[in-house]
Amino acid sequence: MIGKTILCGAKIATQTNQQTPYGLIDDGVLVMSGEQIEWVGSKADLPEGYLSIVSENLGGCLVTPGLIDCHTHVVFGGDRAREFEMRLNGVGYEEIARDGGGINSTVLATRKASLEQLIDGALPRVDAMIAEGLTTIEIKSGYGLERETELNMLRAAREIGNRRPVTVRTTYLGAHATPPEYKNRDEAYIEDVVIPTLQAGHEENLVDGVDGFCEGIAFQPEQIARVFDAAKALGLPVKLHAEQLSNLGGAKLAASYGALSADHIEYLDEDGVVAMAAGGTTGVILPGAFYTLRETQPPPVDLLRKYKVPMALASDCNPGSSPLTSLLLTMNMGCTLFRMTPEETLAGVTRNAARALGLKDRGVIAAGQRADLAIWDVEHPAELSYRIGFNPLNKRIFGGQA
């Protein structure tokens, strides 16, 4: 018989009732059975059958769903700290790139790294996120840009899920950039490397989803469409880096494929938002890259609200444009940089982040959902977005286990 655990004396932000801010239950009780939530509600409504079970009183702590980071690049080799310093000293991006910097430096370092080195490098970043209540993380490839390294990145991501109490969803991002050996031969790179590696990764059960970078410095919509066609032939969901630096119509393309999400989307226009609404595509907001690159074009949050496109929020943790490993800081950035509300940012790293990954068993606190929870020493959910550099996590529960 599966044992039951009862948590009482809590404020519970269920994220299930959008008519009530945060879906908040002030004097809440939560019953877990194994890895699942069996019951949640107010103390006054607790069924008699649970009254005899010993419960843990949380003393007024706030309970939220476990946090979900739905867009990361945490597996990579090397770092770009020196490049960061060079930019601040006035060295231009093109000069850095000519000297071997930019994404090519990460590609080189990642290709040189062994599988174990990739895992060991990523684990401290993942541990920092877990320490802030993370229970699910998406991890992309995209710094190998050749078959074996791309597959090794996905293998590393899978192994992180074995070594840490966290759910890992892998995303194949072979169409991230064209490597130096295929310079000015984007089509050949798609044909020779991206699609065959996707097929190999799928055969090895390494791929949960497929991504691409649709941008002037990366790939055109028709090239991304070829990758998406290959993904769909394998039964894999797609998502897209879209409209980060310009508007090539990537979000509309993604929505036409029923994409789980379109990410970045700073240059997204109203037609793109309408297409995302029709396609059920979640908008993923990434303030870390906006902040690090000192961009000035914010994503169209008001349009996303107008057309009721769900907004997820993610760290975009990567070595170049967003060396960020804090979802709490990401939430604050969503508020301060983009005028999202604290309620929207919490939904962005729980309910809507789960949606952006196609996960229906988490992100809210309700009967039948996975018992992934974060327990916080705060008075009100807004504190999670309000504070900067402060971690009020009291306890994290993963699959019913603290």
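Reader: In this predicted model, how far apart are R82 and E85 within helix α1?

Author: R82 and E85 lie 3 residues apart in helix α1, which spans residues 81-88, so about one helical turn separates them. As a general idea, side chains of opposite charge can pair when their charged atoms come close. Here R82 does form a salt bridge with E85, and the closest N and O atoms are 2.6 Å apart.

Reader: Are R82 and E85 buried or exposed?

Author: R82 has a relative accessible area of 54% and is exposed, while E85, at 41% relative accessibility, counts as partly exposed. The reading follows from the cut-offs, because exposed means over 50% and buried means under 20%, with partly exposed in between.

Reader: Which residue meets E83 in a salt bridge, and is that pair buried or exposed?

Author: The side chain of E83 meets that of R80, with an N to O distance of 3.1 Å, and both of these residues are buried.

Reader: Where in the chain do E138 and K239 lie, and what joins their side chains?

Author: A salt bridge joins the side chains of E138 and K239, at 3.6 Å from N to O. This pair links distant parts of the chain, since E138 belongs to strand β7 (residues 134-140) and K239 to strand β10 (residues 239-242), 101 residues apart. Both E138 and K239 are buried.

Reader: Which residues do salt bridges with shared partners join into one network, and how many salt bridges does a search of the whole structure find?

Author: The network consists of E35, D361, R362, R370 and D372, and the search of the whole structure finds 25 salt bridges.

Technical notes. Residues numbered from 1 in each chain as written. Predicted model: local features only at pLDDT ≥ 70, side-chain atom pairs only at ≥ 80, totals over all residues. Heavy atoms only, no water. Salt bridge = Lys/Arg side-chain N within 4 Å of Asp/Glu carboxyl O. Buried < 20%, exposed > 50% of the residue type's maximum accessible area, 1.4 Å probe, protein only. Helix = DSSP H or I, 4+ residues; strand = E, 2+ residues; numbered from the N terminus.
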